[in-house]
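Please work through the exercises below with the sequence and the three-dimensional structure at hand. Each task is followed by a solution in steps.

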Amino acid sequence: MIRYDCFEWLAPQMKDELVVTSLSGQRVEWGHLSHRDADLTLGSMGNALAVGMGLAIALPHRKVFVFESDGSLLLSLFNLPTLANLNPPNLAVFVFDNQKYSGTRISWPTATAGKTDLAAIAKGAGVEHSVLIREFEEFKREATGALKESGLRFVVCKIEESLVHRKIVRSNVDLLETKYKFVRYLERTEGKPIFAGRG
Amino acid sequence: MEAALAEKIVGSLKAAGVNLITFVPETRLSEMLPLIEKDEFFKLVPVSSEAEGVSIAAGAALGGKVCAAYMEGPGIWVSSYNIVTVGVRYGVPMLLIVGYVGSMADKRNTFLYVEYGIKMVAQLESMGIEYQILRDGDGLETKIADAVRMMNALKKPVALLFTGEFTI
């Protein structure tokens with residue numbers, strides 16, 4: 001399974017779902033395929049799941065997708081017990097596990113290349129719907145379920161290392177611009193101010 | 001902390017509009033937690049690490065909540081990466097409610113806390129975090145309202161360091 005293929009299939013199906021991505025190639029690939037104000041490309045390791053949880057709590061009527069990587073999630077494993085206990089029914093987490101720190105340019109193996117099973121860790125933390133998938137058809141099934149059904153979903157997608165993102169021209173939209181686009185989109189669609197204060 | 005002071009903090013947070021609080025329980029201000037928990041105005045979010053407390057608060061703030069991350073002083077070090085990454089760099093307002101253990105006015109200061117206390121201000125200043133040190137309940141509602149106004153103006157985290165009477 002290739003992450004880019006998953007994103008290419010999923011991006012056109014997104015409507016008003018909110019998406020939070022971590023760092024790594026997925027930020028570049030999703031940003032290349034999806035051009036929605038509802039995308040929050042965080043650009044940091046170890047934060048996407050927590051930020052996604054915060055969004056899901058704040059906006060329980062909105063579906064939130066989080067795209068994590070193995071390296072990023074390994075940096076923030078303490079998120080998993082919190083995720084399980086909060087159990088936000090409007091949150092779907094997809095961990096694209098290529099078993100590498102691809103961003104290092106030397107593809108240093110992560111712990112999941114060894115004995116570590118992130119889906120089992122999440123299960124042990126108390127996340128009921130925690131699954132590990134390896135096939136594109138399974139991804140389509142899980143993603144369709146996430147789009148159409150309620151309930152916390154944690155899906156570890158074992159993918160091949162792909163360097164598609166290195167061939168994509170990087171966006172010049174910086175983090176603050178991304179944040180403002182996202183917040184203004186929420187203000188429009190939620191019909192309420194988010195950032196207080198006027199000049 | 002005396003019960004009346006805990007009530008004053010919680011009332012001041014509510015008056016300032018803070019409506020979501022992440023926390024790792026600590027030793028100095030903990031009496032306010034049951035009060036927050038039983039008030040439906042607040043969404044109280046228990047977390048496993050101050051690091052995720054900051055990031056969850058950031059996500060909720062982007063979703064329209066007025067957020068605080070409550071922690072003991074050492075939590076500032078635990079969450080410094082998150083404060084800088086999603087708070088400062090991304091520009092997200094939130095209140096950092098900090099039990100200022102190990103500070104000069106900490107009534108329970110011991111060797112367990114002092115190294116955090118004496119380095120706290122330098123740590124916050126290194127991250128560019130505005131802060132106020134609160135030693136008693138005088139003008140508390142105004143000081144908390146000021147901090148919330150500051151965080152919204154800056155669109156960054158602002159810290160309130162509670163010591164003195166709050167640490168009894």
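The exercises concern helix H3 of chain B, the interface between the chains, selected residues and salt bridges.

This is a predicted model, in which local features need pLDDT of at least 70 and side-chain atom pairs count only at pLDDT 80 or more, while totals for chains, interfaces and linings use all residues. Residues are numbered from 1 along each chain as its sequence is written, chains are lettered from A and ligands numbered from 1 in the order in which they are written, and side-chain values use heavy atoms, with hydrogens and water left out.

**Exercise 1. Describe helix H3 of chain B, its covering and its two ends.**

Step 1. Helices (H or I, at least four residues) and strands (E, at least two) are DSSP runs, numbered from the N terminus. H3(B) covers residues 50-62, that is 13 residues. From first to last C-alpha the helix reaches 18 Å, close to the 18 Å expected at 1.5 Å a residue; the expected span is 1.5 Å times one less than the number of residues.

Step 2. Buried means under 20% relative accessible area, exposed over 50%, and partly exposed in between (1.4 Å probe, protein chains only). By this rule 13 of the 13 residues of H3(B) are buried.

Step 3. At the N-terminal end, B:Ser49 acts as a cap, with a side-chain oxygen 3.0 Å from the backbone nitrogen of B:Ala51. Just after the helix, B:Gly64 has a positive phi of about 110°.

**Exercise 2. Characterise the interface of chain B and chain A.**

Step 1. Count the contacts, defined as heavy atoms within 4.5 Å. On this basis 28 residues of chain B meet 33 residues of chain A.

Step 2. Consider the buried area, which is the accessible area (1.4 Å probe) that two parts lose on being put together, summed over both. The value is about 2,300 Å², and carbon and sulfur atoms give 66% of it. In chain B, the residues that lose the most area to chain A are B:Leu62, B:Arg89 and B:Tyr90, together 29% of what that side buries.

Step 3. Examine the pairings. A salt bridge is a side-chain nitrogen of Lys or Arg within 4 Å of a carboxyl oxygen of Asp or Glu, and the rule finds zero across this interface. A polar contact is a pair of N or O atoms within 3.5 Å; within protein, one must be able to donate a hydrogen and the other to accept it, and residues adjacent in sequence count only if both atoms are side-chain atoms. The interface has 10 residue pairs in polar contact (both at pLDDT 80 or more).

Step 4. Assign the chain B side to its elements. Strand E2 (43-46), H3 and helix H5 (80-89) of chain B each supply at least two residues. The largest share, eight residues, comes from H3(B).

**Exercise 3. Is B:Thr85 buried or exposed, and which residues does B:Thr85 touch?**

Step 1. B:Thr85 lies in helix H5 of chain B and counts as buried, because its relative accessibility is 7%.

Step 2. Its side chain reaches the backbone oxygen of B:Tyr81 at 2.6 Å. Leaving aside residues up to four places away in sequence, B:Thr85 touches A:Ser44, A:Asn47 and B:Tyr90.

**Exercise 4. Where does A:Asn87 lie, and what is the sign of its phi?**

Step 1. A:Asn87 lies in the loop between helix H5 (79-86) and strand E4 (91-97) of chain A. The residue is partly exposed, because its relative accessibility is 43%.

Step 2. Its phi is positive, about 50°, although A:Asn87 is not a glycine. Most residues other than glycine have a negative phi.

**Exercise 5. Analyse salt bridges within chain A, including those of A:Asp37 and A:Arg184.**

Step 1. Over all chains the count comes to 13 salt bridges. One of them joins the side chains of A:Asp37 and A:Arg188 (3.2 Å, N to O). This pair links distant parts of the chain, 151 residues apart: A:Asp37 is in the loop between helix H2 (24-33) and strand E2 (39-41), and A:Arg188 is in helix H8 (residues 175-190).

Step 2. A:Asp37 is partly exposed at 27% relative accessible area, whereas A:Arg188 is exposed at 56%.

Step 3. A:Arg184 pairs with A:Glu187, the closest N and O atoms being 3.0 Å apart. These residues are separated by about one helical turn, because they are three residues apart in helix H8 of chain A. A:Arg184 is partly exposed at 37%, and A:Glu187 is buried at 16%.
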